[in-house]
Amino acid sequence: MARFGMVIDTRKCVGCTDCVIACETENDVPNGFARDWIVQISNGKFPNAQVEILSERCNHCSDAPCVTTCPTGASHYHDIGGIVLVNHDECIGCKACIESCPYGARFVHPEGYVDKCTFCVHRVEEGLDPACVSVCPTHCMHFGDFDDPNSEVSKLLQSRKHHSLLPEAGTTPNIYYLT
Amino acid sequence: MNSLSRRRFLKISGASIAAASALTSMNSVVKGAQKVSEKTGKSVKGIQKIPTYCSMCFWKCSAIGYVRDGKLWKVEGNPIDPLSAGRLCPRGTGGVGAHYDPDRLKYPLLRKGKRGEEKWVQVTWDEAFEFIAKKMKNIKSQYGAESMGFFSHGIGGGFIKHLLKAYGTRNIAAPSFDQCLGPRDTAFEITYGDVIGGPERTDIENAKCIVLLGSHLGENMHNTQVQEFSKAVENHASIIVVDPRLSTAATKAKFYLPIKPGTDLALLLTWMNVLISENLYDKDYIEKYAFGFEQLKAEVSQYTPEWAYPVTGIKPELIRETAREMARYKPSTLVHPGRHSVWYGDDTQRGRALAIMSALLGNWGRKGGLINQDVFDVPSYPYPEYPKPKRENADNPNRKYPFGGAEGYTTGLREATLTGKPYPIKGWFVYGTNLLYSLPNMQETIDAMQKLDLLVVIDVVPSEIAGYADVVLPESIYLERYDELFAPYFKQPFVSLRQPVIAPPHDQKPGWWIAKKLGEKLGLQKYFPWKDVEEYLDTRLKMAGLSLKEMKEKGVALGEKPPLYFEEGWEPEFDTPTGKIELYSTHLDELGYDPIPKFTKHEEPQPGYFRLLFGRAPMHSFSRTQTNRLLTNVMDENEVWINADVAKRFELKSGDYIKLKNQDGIVSNRIKVKATERIRTDCVYIVHGFGHNSRMLKGAYHKGASDSRLITKYKVDPLMGGTGMNINFVTFETEA
């Protein structure tokens, strides 16, 4: 089995939003919506303020509440790497998944189904990185298999301090941020 | 030679690179690239990958446009491109949005109302050309050909420039010099006999210590620079950032120096003092290559860290510690020369201080420093000689600014238009630059335009300047056209091709076509001997040992890499009067200017006022991308950064809308407050380019505020004529 996820180096990220724009063109995300986004968190007083920049998206949780709450089975784990996907045809647009997602990663597509990050599964199946990862000019994003101890993402987690978002939500997220 | 580096000039005119070697170094990356049907553009099913180069900013990375079932899908970096290494910046990725921009210019327009009223009649291209040609002929017969002026930004202006030179004028200017990097390049020219250039000759990726002084890498998204900066961060380079604002780069720094605005030169002179008084500078290097060390030592002895403390607000120990940090990593300590450097009017002297710092650290010609660049030599098209203008250029009469005019002197040309001196300027072409937002003091530009018999604006979006035009010509965007070849000075020389990826959606036309057709109307056919641009490009490429056919497939051809460092064989030659790095400038001394920079105090804000600082956001370029819906999706208005304590004092909180009023009573559009711990209490900061008032820019109209409207005051650099713009102060007006 594989467990796909991302490791994002916040030391290198400059918050340029290239990941957001690349996702929109790659996946034809309708204007006004986004499957990924940038958050900047600032703490402390000038001039000693600390800033963390985060490129955020669906965490493709291993214990995904969106999958559990979905009444039709539209939200599901993909065969490859446990990627969390929404089957558009089965989605009835009830928004239960949107309510259950602690990350605010989902939205209703103008065509009526719930949409979100797919880790660019169509690219991953071809052996490519997701669009956000492959466009990043700072090379701060890494995609790979956490079940493979020799993968780049596994090694990065072994060698660097890191955190995930809202671990207390208990969803076992698969995106980690290096600090 | 004042205006253009002689070294570069010699290189440009000499065929130094063997074309054969360039050919063998090319790799095919794109298979199956096909010609787009320029008529239908939509007939091809499936996915086509077409290489071209970007124009979302001036960096001009090579890109690959993806067309899916005849529609533009996405744009990616070209993997063999030395600038992007296959990764575009957010604007480049968002270039798709420029093609689909609903607010773009669609048809040629002729003015119906008064200048600035934005009332138009749609006309045919032929009617537009008839109108322009008639006016141009009148101007030539009544005032002389030199009475036509041209303001241009970007490589796309090349064909129009050719047209105007053929017509008989050289009154051509670009804001990229006097409103941007002019002071920096002038300073390095004086000191080293060569410029920094663009893309900059900075070896960021190999630097062990990087000093950024007001240079906000990561917010200014110069692709190669940001990519290399990220590598330096990964390699644990020691980063020192000097900025009144905790910029993105500053958040990555080991040392952040929150300097009082306008005192950077004081800090630089004090760093020199420490490097010299503590014997930390590169003695061998200075002895071997530099001129005037003793004079420099004597001059900077007055600038002690204790003196600098009340001036700059930086504690003496921090000044000493950072100077020692730089010395520790020399010569691989890169004091970044910056780019946009028109701040206070003494900017060339500040640039000189940066140049001298680099010399003291021994980093010009060294790994991790300022390195050698070369160019892929592509001979120019064998055109007939241009007519010689009868009068000298109007922009800098009697060389008032001795180092002015490397790219023409913009505000000088504006002044000549306004005053009619030294002779009247009666016509302007404006290409790809929103002059109202790129030159300081908008009113002077508006007044100058009232003196014109003809104002032609060629652009892709209806910027504010277009609203004042007699004729607006809609150009196809870069993804829809052929353009000039791009072959810059860089550590890896290359040439790249721009070719159409997709057909323009309306009646937009490429610059080359506009120039040729108008040239024919003006009877200048002999200057346009090529049938079309493909013939023009193929002729030039063949002279360089390439061909259009292969360039259409690959997009980029690489040249031979020069030695980058002295250690690799780059000759340490300095084209200065003494043949050395001039710490003490004999040229400046001769002209009566300070041969070594001196600190002078700049005006400070009155109580209740704050210095207006401006800069860039990574997802926008100038004032030309604010209707690109892919980019507005991530940023559709700017905010004014106000120190959190100051905001509290004014009872402002983040998200409130206010207006900014400057020292001359000019009031901005409304702008959102960002109360933040990331800026000093004596200044505010906004991103340049927002605050549009052109009603034709529906997607950007009245979103955010424009720094350009508030920059009524500017201070001219006596050496090169650049316009220092960080000398305006604003206060807050809350909405009723």
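Q: Before we get to B:Val684, when do two residues count as touching here?
A: Two residues are in contact if their C-beta atoms, placed from the backbone, lie within 7 Å, and I would add that this is a predicted model.

Q: OK, so which residues does B:Val684 touch, leaving out those up to four places away in sequence?
A: With those sequence neighbours set aside, B:Val684 touches B:Phe610, B:Leu612 and B:Leu613, then B:Val640, B:Trp641 and B:Ile642, and finally B:Val730.

Q: And where does B:Val684 sit in the largest nonpolar core?
A: The largest nonpolar core has 278 residues, and B:Val684 is among the five that touch the most other members, the others being B:Ile210, B:Val241, B:Met357 and B:Val456.

Q: Which helix gives the most to that core?
A: That is helix H9 of chain B, residues 264-277, which contributes 9 residues; the core also draws at least three residues from each of domain 1 and domain 2 of chain B.

Q: What are the bounds of those domains?
A: The domain assignment of chain B gives domain 1 as 183-373 + 571-591, in two segments, and domain 2 as 610-734.

Q: How far apart are their centres, and how many residues does each put into the contact?
A: The C-alpha centres of domain 1 and domain 2 of chain B lie 28 Å apart, and the contact between them takes 20 residues from domain 1 and 24 residues from domain 2.

Q: What's on the domain 1 side?
A: The elements of chain B that give two or more residues to the side of domain 1 that touches domain 2 are helix H7 (175-192) and helix H14 (347-360), and by class that side divides into 9 nonpolar, 6 polar and 5 charged residues.

Q: Zooming out, how many helices and strands does chain B have, and why call it compact?
A: Chain B has 24 helices and 26 strands. Its radius of gyration is 25 Å, close to the 27 Å that the globule rule gives for 736 residues, so chain B is as compact as a globular protein of that length. Along its principal axes, the C-alpha trace of chain B spans about 70 × 70 × 55 Å.

Q: How much of chain B counts as buried?
A: Of its 736 residues, 62% count as buried; and among contacts in chain B between residues at least 6 apart in sequence, 74% join residues at least 24 apart.

Q: Switching topic, how many residues of chain A and chain B are in contact?
A: There, 29 residues of chain A are in contact with 34 residues of chain B. On the chain A side, the largest share, 7 residues, comes from helix H1 (residues 18-27), and by class that side has 14 nonpolar, 9 polar and 6 charged residues.

Definitions and conventions: Residues are numbered from 1 along each chain as its sequence is written. Chains are lettered from A and ligands numbered from 1 in the order in which they are written. This is a predicted model: local features need pLDDT of at least 70, side-chain atom pairs count only at pLDDT 80 or more; totals for chains, interfaces and linings use all residues. Helices (H or I, at least four residues) and strands (E, at least two) are DSSP runs, numbered from the N terminus. Ala, Val, Leu, Ile, Met, Phe, Trp, Tyr, Cys and Pro count as nonpolar, Asp, Glu, Lys and Arg as charged, and the others, Gly among them, as polar. Domain bounds come from an automatic or database domain assignment. The radius of gyration is taken over C-alpha atoms; the globule rule is 2.2 Å times the number of residues to the power 0.38. A residue is buried if 20 or more other C-beta atoms lie within 10 Å of its own, exposed if 12 or fewer, and partly exposed in between; C-beta atoms are placed from the backbone. A nonpolar core is a set of buried Ala, Val, Leu, Ile, Met, Phe, Trp, Tyr and Cys residues joined through C-beta atoms within 7 Å.
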